[in-house]
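Me: I'd like to get better at reading a fold. Could you walk me through one, feature by feature?

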Amino acid sequence: MCLERKECLEYPVETRTHTALHVVKGAIVKVLGEQALWTASVYVSGNHGRITVTCNEKPSKEMIKMIEEKANEAIDKDLKIEVIKLPRSKAEEKYGRIIYDLFPVPEHVKELSIVIIHEDNGYWNINACNKEHLPSTKCIGQISIKKVRFRAKKKLLEVSFDIEP
Ligand SMILES: [Zn+2]
């Protein structure tokens, strides 16, 4: 799947920014490790996105730069994005707790859409999510991390970014 930029821009910008959240999350976990596994909240407005994850210590500038580089690598590689609808119990059995965020999906939800960004030997990111996504990562365009805020008391890290408009 390799679309022209013009075709990419036919996707709503929010779909591209939302998909970028999954890519940035994957990059965060690769750089910061297990401490950053759980997403506390996300926000999308136009080409601006923000993701808040659990984090024990303030990351260095170098680490933030590395997160940005890794996210852009995932975009350059045009990783495939797959969405699988599964009964909740099956999804939990197959993938485990990793599909969830910090706050639980309500009890009454019995079917989940599992969004998987594939990479060569495994997953870049896997998450239960019922929003719209791109079919692969390239159409996101370049990601720039604009601001990072570490909230020491809550042990949360907010990463704000823009995608190419
Ligand atoms: Zn999503």
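Reply: Below we go from the whole chain to its sheets, a helix and a few loop residues.

Reply: Keep in mind that this is a predicted model.

Me: Fine. Which elements does the chain have, and in what order do they run from the N terminus?

Reply: Listed from the N terminus, they go α-α-β-β-α-β-α-β-β-β-β. That gives 4 helices and 7 strands.

Me: And how does the radius of gyration compare with that of a compact globule?

Reply: The two agree: a compact globule of 165 residues would have a value near 15 Å, and the chain has 15 Å. Along the principal axes, the C-alpha atoms fill a box of roughly 45 × 40 × 30 Å. Buried residues account for 33% of the 165. Take the contacts with a separation of 6 or more, too: 69% of them join residues 24 or more positions apart.

Me: On to the sheets. How should I read one?

Reply: Start with the pairing: strands of a sheet are joined through backbone hydrogen bonds, either parallel or antiparallel. Then write down the strand order. Here, an open sheet of 4 strands has the order β1-β2-β7-β6, with antiparallel pairing.

Me: Which strands stand at the edges of that one?

Reply: β1 (39-45) and β6 do; each has a single partner strand, so one side of each lacks a neighbour in the sheet. From one strand to the next, the twist averages 15°.

Me: How many bridges join β1 to β2, and how many join β6 to β7?

Reply: The antiparallel pair β1 and β2 is joined by 6 bridges, and Ser45 has His48 in β2 as its bridge partner. For β6 and β7, also antiparallel, the count is 8, with Val148 partnered by Val159 in β7. β6 and β7 also make a hairpin with 4 residues between them.

Me: What about the other sheet?

Reply: That is an open one of 3 strands, antiparallel, in the order β3-β4-β5. Its edges are β3 (81-87) and β5, each with a single partner, so each has one side without a neighbour in the sheet. The twist averages 25° from strand to strand. β3 pairs with β4 (residues 111-119) over 7 bridges in the antiparallel sense, and Ile84 sits opposite Ile114 in β4.

Me: Which helix lies across β3, β4 and β5?

Reply: α2 does, running at about 125° to β5. α2 also lies across β1, β2, β6 and β7, at about 30° to β2.

Me: Now a helix. How do I tell its sides apart?

Reply: Use the periodicity: an α-helix has 3.6 residues a turn, so residues three or four places apart point the same way. Try it on α3 (residues 61-76): the helix has 16 residues and reaches 23 Å from first C-alpha to last, close to the 22 Å expected.

Me: Which residues of α3 are buried?

Reply: Ile67, Glu68, Lys70, Ala71, Ala74 and Ile75 are. They span an arc of only 160° around the axis, which places them on the same side of α3. The face turned away from that buried side carries exposed Lys61, Glu62 and Asp76.

Me: What covers the buried residues of α3?

Reply: The cover includes α2 (13-32), β5 (122-128) and β6 (143-151). So the cover includes parts of both the helix and strand sets we have gone through.

Me: Last topic, the loops. Which backbone angles should I look at?

Reply: Look for a positive phi in a residue other than glycine. Asp78 is one case, with phi near 50°, and belongs to the loop between α3 and β3. Lys155 is another, with phi near 55°, in the loop between β6 and β7 (156-163).

Me: Are those two residues buried or partly exposed?

Reply: Asp78 counts as partly exposed because 16 C-beta neighbours lie inside 10 Å, where 20 or more would make a residue buried. Lys155 is partly exposed as well, with 14 other C-beta atoms within 10 Å.

Me: What is Asn56 in contact with, leaving aside its neighbours within four places in sequence?

Reply: Gln35 and Lys155. Asn56 is in the loop between β2 (48-54) and α3 and, with 13 C-beta neighbours inside 10 Å, counts as partly exposed.

Conventions
Residues numbered from 1 in each chain as written. Predicted model: local features only at pLDDT ≥ 70, side-chain atom pairs only at ≥ 80, totals over all residues. Helix = DSSP H or I, 4+ residues; strand = E, 2+ residues; numbered from the N terminus. Expected span 1.5 Å × (residues − 1). Buried ≥ 20, exposed ≤ 12 C-beta atoms within 10 Å, placed from the backbone. Arc of directions from axis to C-beta. Contact = placed C-beta atoms within 7 Å. Pairing = 2+ DSSP bridges. Axes fitted to C-alpha atoms, helices over the stretch in contact; angles between N-to-C directions. Rg over C-alpha atoms; globule rule 2.2 N^0.38 Å.
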